[in-house]
Amino acid sequence: MAVNLELTQEKFQELDDYVDALPETKGELIKVLHKAQNIFEYLPKEVQIHVAKKLKVSTAKVFGVVTFYSFFTMEPKGEYDINVCLGTACYVRGAEKIAEAFSKELGISVGETSADGKFSITGLRCIGACGLAPVVTIGEKTYGRLTADMVKDILKDYK
Amino acid sequence: MANEKMHVLVCGGTGCLSAEGEEIITNLKSQIAEAGLDTEVAVLKTGCFGFCEKGPIVKILPDNTFYVRVTPEDTEEIVKEHLIKGRKVERLLYVDPDKNEAISDSKKMDFYKKQMRIALRNCGFIDPANIDEYIARDGYMALGKAVTDMTPDTVIQEVKDSGLRGRGGGGFPTGLKWQFAKSYDADQKYVICNADEGDPGAFMDRSILEGDPHSVIEAMAICGYAIGATIGRVYIRAEYPLAIKRLQYAIDEARNYGLLGEDILGSGFEFDIELTLGAGAFVCGEETALIHSMEGKRGEPTTKPPFPAESGYWGKPTNVNNVETFANIPVILLKGADWFSSIGTEKSTGTKVFALAGKINNVGLIEVPMGTTLREVIYDIGGGIKDGKKFKAVQTGGPSGGCLTEKDLDTPIDFDNLIAKGSMMGSGGMIVVDEESCMPAMAKFYLEFTEEESCGKCTPCRIGTKRLSELLELVCNGKAEMRHLDELKRLSRVIKDTSLCGLGQTAPNPILSTMEAFWDEYIAHVKDKTCPAGECSNLIKYVINDNCIGCTVCAKVCPVECIEGERKQMHLIDQDECIKCGACYEKCKFEAIDKK
Amino acid sequence: MAKIKSLDELMKIRANVQNKVDLREKGENIDSLIQVHVAMATCGIAAGAREIMDFIIQDSHKEGIDNVVVTQTGCMGYCYAEPTIQVTLPGKDPVVFGEVTQEKAKKIIEKYMKNGELVDGIIPVTHKTVE
């Protein structure tokens, strides 16, 4: 399944309908951006400008909020987003080595997406599964108690 | 219901669900139905049991059998042996590492023996998606008691008398906070629950919301009654999808029962709760920043006063408490302030939940009375250090805290003692590190975190944390000189004194406390250009010693082919080419490679 | 779901739903309760152990004994005397009763569980349970 990243008219319409249904738009910028990222998968410039107009706030304010919060992304993620937990518990149990191993296998750094759009690596702050540290999640699947040797085998499932 | 003779509880916390907990539940249900026992045995998905190290956990009641590390393949044996024939599945029982004996009753395990669960009282005991189970455990009785028999002032007095202090980090007396919020008149006031658990390595708030959401809802309503607010908001991390789902479901259930909404329990008191999703910013744990984020803005803090109690959400009086603080409230009202204040120490009453993590045998979520010593937590409950290594330090208070060492092990844990020791309670993350962890590198890890999470509003924090992490980078790469260490100290103090909010004011703590306790390690990095713990890759050297028999394994695994030597002869590592990946060190079976 | 309109109504609901967690609360305090283990291996079940178990749960409830927890267990090895049950009063050694019929179960409940008086049919305990 390839992720559909096109900025289609239907998607903008869906976002507009969502905003129109809100009882109040004051203070709801973050809520609207959550929805927008949900619809578009990411928040490119066009989407930010659209949100600004719709909510009647400045584009600078929208940009300011998007860049402030780590949950919002202006770059599309890969089809398989590899989330490496970099929380303290995982760090102490060697998460950095795991992140390096993924980087080496895929040739991209943490925060980047591969050229074919298939993989991206994201560093997360604690998903709360510290008992399984170090932890990586890919989609719905969680891989726990990892060692660097296991990385190759994990990626086999997705290649 | 009446026919049920057994309850099978399966942990439904994030940690265990990640490890195929859902499949275990499905398997159990279908296999129990196949065996025709579905009227006699109930399978329930509960909140976190806390013993995450051994998850997924399956507990069978009433005989209290505690199965650990259960896989979906194990369920058939549990059903056939335990549920049908009543024979415990020995191989799935927890084995006491000291006595090497299987223990089936969780109460007899060291991990649970010293715990006292107040905030976590229902976690791992009830089905969080069933309000009746919460009510059966005296749920909403405290709210009922408050709105029927108590005035707002007596509620506040009770909370004040209990001595409860904020569990989110600051330790401010909760009753006093409520009193401030009550003292301001306004047409609208707000109760906010801070569920933006940003401290990496702490997950108690998530576990409470997943395992016992109603306790937080009930407490927020009580708070609303006490301070005169009708609207509650939970600010929750978007990274916690399961907690969001369970909390929303619980709010809907409470509304259906009329426990939220207008005229609660016929008292005329009105209160309702909505969720606001955060978007990932550590600074939003600070209450003014949190309030700005709730208003849809960048989560930047503002100077206090005015405190939120006077001018908070949309400029109205607002009371902000964290999840664990709220979870204590219903019990305090039901059992009384005297009971609560009899637990713990004089100035830190009650219990505290800690997330034990790192190089410790029993990773998990624990709750102990305040005043328990670190030694009891780490050795008795935590089961000591992993792989028999030596204890080095425990980091408390997350990126704002400091580390405690061997000499602090017998210090009773409470708010004031931890501060006196140069650390802090924080939200309750406890990361244990062993001799193989490098302290300057650990400080660097935290500073990189605060640097990234600094909101950028004030200069000392925005630029200062960056400079600090650059200096630590120099230390860890062996490029620092003594003047850099002086610079680190001086800059740390400046940032502490001049930052706008708690994030900046506490950011240098990991540096100052590791410098205090492990000064010789810093010196080793700077003067001798070595890393005693062997973690900083630029400072370590792998050298082959006389044990080498020339098996060639190291030469084969070396990714840069810098190991040379004939078969059956001693090999040699070319230090100029070596990238210090450690692959040879890990693969060598003869202990022939030294890490220096 | 009907709305709860007062604290009294809430208390009534609590009383109605108490049984949902009763079993679990008993498990938490098992050492201070009367524990009844019913041997439920194949031979026990064939001899009617399941019916006996149901009967004990219902009848002890009827008799107003709330501090009893009934669990099934594997073969205790007294095959000649199935169905067998083991009753442990708080702080006392376990006592095993053999060839338990409904009438006998009733006696055990009325005499032993209520008042600690022994009744006929005790089997000398030859097995030990691993805790």
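Mentor: In what follows, a residue is buried if 20 or more other C-beta atoms lie within 10 Å of its own, and exposed if 12 or fewer do. The model under discussion is predicted.

Trainee: Which are the buried residues of α19(B)?

Mentor: Helix α19 of chain B covers residues 482-498. By the cut-off just stated, its buried residues are L485(B), L488(B), S492(B) and I495(B).

Trainee: What arc do these residues cover around the axis of α19(B)?

Mentor: The residues in question are L485(B), L488(B), S492(B) and I495(B). They lie on the same side of α19(B), because the arc they cover around the axis is only 90 degrees.

Trainee: Which residues are exposed on the other side of α19(B)?

Mentor: The buried side of α19(B) is covered by elements including α18 (459-476), α20 (502-506), α21 (509-517) and α22 (519-528) of chain B. On the other side of α19(B), the exposed residues are M482(B), R483(B), D486(B), R490(B), R493(B) and D497(B).

Trainee: How far apart are the end C-alpha atoms of α19 of chain B?

Mentor: The helix has 17 residues, so at 1.5 Å a residue it should span 24 Å. The separation in the model agrees with this expectation: the end C-alpha atoms are 25 Å apart.

Trainee: How many residues of helix α13 (residues 323-335) of chain B are buried?

Mentor: The buried residues of α13(B) include V323(B), E324(B), F326(B), N328(B), I332(B) and L333(B). Following α13(B) is G336(B), whose phi is positive, near 95 degrees. The helix is mostly covered, and of its 13 residues the number buried is 11.

Trainee: Which helix gives the largest share of the largest nonpolar core?

Mentor: In soluble globular proteins, nonpolar side chains tend to be buried together. The largest nonpolar core here has 227 residues, and those touching the most other members are V84(A), I98(A), V8(B), V216(B), M220(B), I222(B) and A355(B). The largest share of this core is 10 residues, and it comes from residues 213-227 of chain B, helix α10.

Trainee: Which residues does I222(B) touch, not counting those up to four places away in sequence?

Mentor: I222(B) is one of the residues that touch the most other members of the largest nonpolar core. With residues up to four places away in sequence left out, I222(B) touches A142(B), L143(B), A146(B), V155(B), I329(B) and L333(B).

Trainee: How many residues are in the other core, which has A41(C) among its members?

Mentor: This core lies apart from the largest one. Its members include A41(C), M76(C), I109(C) and M113(C), and its residues number 23.

Trainee: Between which chains are the most contacts?

Mentor: Chain A and chain C do not touch, and their nearest C-alpha atoms are 25 Å apart. Of the 2 pairs of chains that touch, the pair with the most contacts is chains A and B.

Trainee: How do the residues of the side of chain B that touches chain A divide into nonpolar, polar and charged?

Mentor: This contact takes 34 residues from chain B and 29 residues from chain A. On the side of chain B, α1 (14-18), β11 (351-358) and β15 (429-434) each supply at least two residues. The residues of that side divide into 14 nonpolar, 13 polar and 7 charged.

Trainee: Which element gives the largest share of the side of chain B that touches chain C?

Mentor: The contact takes 31 residues from chain B and 29 residues from chain C. The elements of chain B that give two or more residues to this side are α5 (131-136) and α6 (141-149). With 4 residues, the largest share comes from α5(B).

Trainee: What percentage of the 131 residues in chain C is buried?

Mentor: Chain C has 4 helices and 5 strands, and its C-alpha atoms fill a box of roughly 60 × 30 × 30 Å along the principal axes. Among its contacts between residues at least 6 apart in sequence, 65% join residues at least 24 apart. The buried share of chain C is 33%.

Trainee: Which strand supplies the largest share of the side of domain 3 of chain B that touches domain 4 of chain B?

Mentor: Chain B is divided into domains that include domain 3 (351-434) and domain 4 (439-528), with C-alpha centres 22 Å apart. Their contact takes 10 residues from domain 3 and 14 residues from domain 4. On the side of domain 3, the largest share is 3 residues, from residues 402-405 of chain B, strand β14.

Trainee: What distance separates the centres of domain 1 of chain A and domain 2 of chain A?

Mentor: The domain assignment of chain A gives domain 1 (9-68) and domain 2 (80-156). Taken over C-alpha atoms, the separation of their centres is 30 Å.

Conventions: Residues are numbered from 1 along each chain as its sequence is written. Chains are lettered from A and ligands numbered from 1 in the order in which they are written. This is a predicted model: local features need pLDDT of at least 70, side-chain atom pairs count only at pLDDT 80 or more; totals for chains, interfaces and linings use all residues. Two residues are in contact if their C-beta atoms, placed from the backbone, lie within 7 Å. Ala, Val, Leu, Ile, Met, Phe, Trp, Tyr, Cys and Pro count as nonpolar, Asp, Glu, Lys and Arg as charged, and the others, Gly among them, as polar. Domain bounds come from an automatic or database domain assignment. A nonpolar core is a set of buried Ala, Val, Leu, Ile, Met, Phe, Trp, Tyr and Cys residues joined through C-beta atoms within 7 Å. The expected span of a helix is 1.5 Å times one less than its number of residues. The arc is that of the directions from the helix axis to the C-beta atoms.
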